[in-house]
Amino acid sequence: MEPRAQVLEHHALVIQSGKIVDILPTEKATARYPDANHIERNSHALIPGLINSHTHAAMSLFRGIADDVPLMEWLNDHIWPAEAKWVGHEFMRDGVELAIAEMLLSGTTCFNDMYFFPNIVADTAQEMGIRAFVSMLVIDFPSAWADTPDEYFDKGLLVHDEVRSLSRIGTTLAPHAPYTVSDAPLEQVRTYADELNVPIHMHIHETETEVADSLAQIGKRPLQRLHELGLVNPRLMAVHMTQLTQDEITLCAEQGVNVVHCPESNLKLASGQCDVSALLNAGTNVCLGTDSASSNNDLDMLGEMRTASLLAKLTTGNAEALPAWQALEMATINGAKALNCQDDIGSLVVGKSADFVAIDLDHVSTQPVYDPIAQIVYSASRQQVTDVWIEGTARVKNKQLVNVDVDQLLSTAKQWRDRISNHEQ
């Protein structure tokens, strides 16, 4: 990803103490480092670890619970009641484990989560070896995690302090959405974000109804309200953004906002289409997320890249919109920039963390190879991910998770299905 769209053939990465220390032709690497442990993947492409910039990981246990309904019906009639009934320590642990397993197997090495019990998300991610950003969630109404905005802040700040000792875990401030968080807590979010130097992770302009309701209630579009509160700035990770005027696109670019595009979730919930091409052309940093497995219904970033690129071409009427290399940037270095960790991850550069993925292109669906980046974005599937390394440690080896009992994960997921479906009936 640095420099843009560069492909190095017959090259090797040299890893030491979890860092990339050299990138050079394979023959020279073999001669220069004869005593190193050599891992050969001669039919593969190596890419930076994929960064899923918006997830609700534990909601994997709600996958398929309410399909084919619009967003507000999905939330009000299905998801929020299910969360009130089921979300707790056990649910969080089991749901996050299932989500991380799916993400690792499909090449994701870092995810940015927004959900309850961020302490459990952090501990589980650290144990399973993946990189994660967990949320200091803020909502006006009570949940299993907290009852009042003050309690959300108190618990979130405690988690922020606790995860400092975890090597791969960061935090974000995560006001859920403009329609669920009032002005006073949002002003606190701005203050804490500046003090702690963390991103602000928020659903914004997700649907036409959200914008219309805001105009009817306060006479302002949500983004205007957030701008007046001082939240439209380079810390902001604005998720969805399907309803944007040209003036709002210009504002995002001028203020350094990071937009998180979730194309498959937006499509499935009929929420609308983020104008990615216009945002990118204006100079906005745009990254990719899957959203939850209950609204997508997978956590597959390879699929998300393909959908994003094809959707941009369709909606603009321009076949040149969002080319493959740019989609791959959105899934790697752009996500790192949004999370302010671009100096450590997001590209294969000497000095950065050795977070990278091997994709086998010697497959009937990806041969012949003329352009490896195009083959990865338009043709490859997550089943072709063979190996995943994070900080130089193998987390997936030969398509198998390392030190994870997949049979137990599947058994636990089926137990949750039985519990939840029996209650629904």
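I will go through one sheet, one helix and one annotated span in this structure, which is a predicted model.

Start with the sheet. Strands of a sheet pair through backbone hydrogen bonds, either parallel or antiparallel. Here five strands make an open sheet, and the pairing is antiparallel. Reading across, the order is β3, β12, β13, β14, β15. The two edges are β3, residues 44-48, and β15, residues 400-401, and each of these pairs on one side only.

At the β15 edge, the neighbour is β14, residues 393-397, and two bridges join this antiparallel pair. Which residue of β15 is the bridge partner of valine 396? That is leucine 401.

Now the helix, α12. This helix runs from residue 301 to 316, so to speak for 16 residues. From first C-alpha to last, α12 reaches 22 Å, close to the 22 Å expected at 1.5 Å a residue.

At the start of α12, look at aspartate 300: one of its side-chain oxygens comes to within 3.1 Å of the backbone nitrogen of leucine 302. At the other end, just after α12, glycine 317 has a positive phi of about 70 degrees.

Which residues of α12 are buried? Among them are Met301, Leu302, Gly303, Glu304 and Met305 at the beginning of the list, and Leu311, Ala312 and Lys313 at the end of it. Note that the buried set includes Glu304 and Lys313.

Last, the annotation. An unreviewed UniProt entry places the feature "domain: Amidohydrolase-related" at residues 46-393. In the model, that span is 43% helix and 17% strand. The C-alpha atoms at the two ends of residues 46-393 lie 15 Å apart.

How values were computed: Residues numbered from 1 in each chain as written. Predicted model: local features only at pLDDT ≥ 70, side-chain atom pairs only at ≥ 80, totals over all residues. Heavy atoms only, no water. Pairing = 2+ DSSP bridges. Helix = DSSP H or I, 4+ residues; strand = E, 2+ residues; numbered from the N terminus. Expected span 1.5 Å × (residues − 1). Buried < 20%, exposed > 50% of the residue type's maximum accessible area, 1.4 Å probe, protein only. Polar contact = N/O pair within 3.5 Å; in protein donor to acceptor, adjacent residues only side chain to side chain. UniProt positions renumbered as here; feature names shortened; annotations may be inferred.
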